[in-house]
Amino acid sequence: MAKVFNKWDLDEVEVTDEGLKRYICLDDTIVPHTLGRHVKRQFAKSNVSIVERLINKMMRTERNSGKKNKAYNTVREALEIINKRTKQNPVQVLVKAVENTSPREETTRIRYGGIGFQVAVDIAPQRRVDLSLGFLTRGTMQSAFKNKRSLAECLANEIIFASEEDTRSFALQKKEEKERVAKAAH
């Protein structure tokens, strides 16, 4: 049986959010690196491991653009820190963080007769996972900027705070803000 980074078994990881079950991929891979095979097919990224998707999101900032090896090592180190602190499978903690920080509603702009206004809409599950991973990585980058702590420590903190629904989590704050704006637009 293959384990992520040869350490953590994915058979014990469970997705509790029914809407996200199909979109959080927990396939057994030793090295989460698909070399972009999924890019040409629509919705194929839902078949990419959640750990690799986190690694890919870590590369989306201007300072880390294209540095897959750096992002890979950062995520591996962060998962080890999570394992030491929580004594749990870090992939389970990551999945819980994604479930807790994925917004259910957002707003879209509608123009009707020359007047534009915001309307609340439900979010597709694929977009929920994308937004959640984006919030987690953006909060990590902001907390690591001009800070003594390493990027891996900041990522571990963000994932742990989000999984425990701690108010110190940037991702949880962004989710609540997005849902609050959508609720006001009803």
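What follows is a set of questions and replies about a predicted model.

Me: Why is Asp 166 called buried, and where does Asp 166 lie?

Reply: Asp 166 lies in the loop between helix H5 (151-163) and helix H6 (170-184). Its relative accessibility is 17%, and since buried means under 20% relative accessible area, Asp 166 counts as buried. Leaving out residues up to four places away in sequence, Asp 166 touches Phe 161 and Leu 172.

Me: Why is Asn 56 called partly exposed?

Reply: Asn 56, which lies in helix H1, has a relative accessible area of 22%. Buried means under 20% and exposed means over 50%, so with 22% Asn 56 falls in between and is called partly exposed. The C-alpha atom of Asn 56 is separated by 8.6 Å from that of Tyr 72, and the two residues are 16 residues apart along the chain.

Me: What makes H1 largely enclosed by the rest of the structure?

Reply: H1 is described in this way because 8 of its 9 residues are buried, where buried means under 20% relative accessible area. The buried residues are Ile 50, Val 51, Glu 52, Arg 53, Leu 54, Ile 55, Lys 57 and Met 58, and what covers them includes H2, H3, H4 and H5. As one example from this helix, Ile 50 is in contact with Ile 24, Cys 25, Leu 26, Leu 94, Val 95, Val 129 and Leu 133, leaving aside its neighbours within four places in sequence.

Me: What makes up the largest nonpolar core, and which of its residues touch the most other members?

Reply: A nonpolar core is a set of buried residues of certain kinds, joined through side-chain atoms within 4.5 Å, and the largest one here has 45 residues. Those that touch the most other members are Phe 5, Ile 24, Ile 50, Val 51, Val 75, Val 129 and Ile 159. The elements that give two or more residues to this core are H1, helix H2 (68-86), helix H3 (90-101), helix H4 (125-144) and H5, and the largest share, 8 residues, comes from H5.

Me: How do you know that strands E1 and E2 are paired?

Reply: Two strands pair if there are at least two bridges between them, and 8 bridges join strand E1 (residues 105-112) to strand E2 (residues 115-122), so the two strands meet that condition. They run antiparallel, and one of the partnerships is that of Ile 110 with Phe 117 in E2. E1 and E2 form a hairpin with 2 residues between them, and Gly 113 in the turn has a positive phi of about 65°.

Me: What makes the lining of the largest pocket mostly charged when it is sorted by class?

Reply: The lining has 5 charged residues, set against 2 polar and 1 nonpolar. The residues that line this pocket are His 38, Lys 45, Val 48, Arg 53, Asn 56, Lys 57, Arg 60 and Asp 130, and helix H1 (residues 50-58) gives the most to the lining, with 3 residues. About 200 Å³ of space lies in this pocket.

Me: What lines the largest cavity, and how is that lining divided by class?

Reply: Met 58, Asn 64, Lys 67, Lys 70, Ala 71, Thr 74 and Leu 151 line the largest cavity, which holds about 30 Å³ of space. By class, its lining has 3 nonpolar, 2 polar and 2 charged residues, and the largest share of the lining, 3 residues, comes from H2. The structure holds 1 cavity of 30 Å³ or more.

Notes
Residues numbered from 1 in each chain as written. Predicted model: local features only at pLDDT ≥ 70, side-chain atom pairs only at ≥ 80, totals over all residues. Heavy atoms only, no water. 1 Å grid on protein atoms, 1.4 Å probe; cavity = no way out; pocket = protein on both sides within 12 Å on 5 of 7 lines; lining within 4 Å. Points joined across faces, edges and corners; volume = space filled by probe spheres on them. Helix = DSSP H or I, 4+ residues; strand = E, 2+ residues; numbered from the N terminus. Nonpolar A, V, L, I, M, F, W, Y, C, P; charged D, E, K, R; others polar. Buried < 20%, exposed > 50% of the residue type's maximum accessible area, 1.4 Å probe, protein only. Contact = heavy atoms within 4.5 Å.
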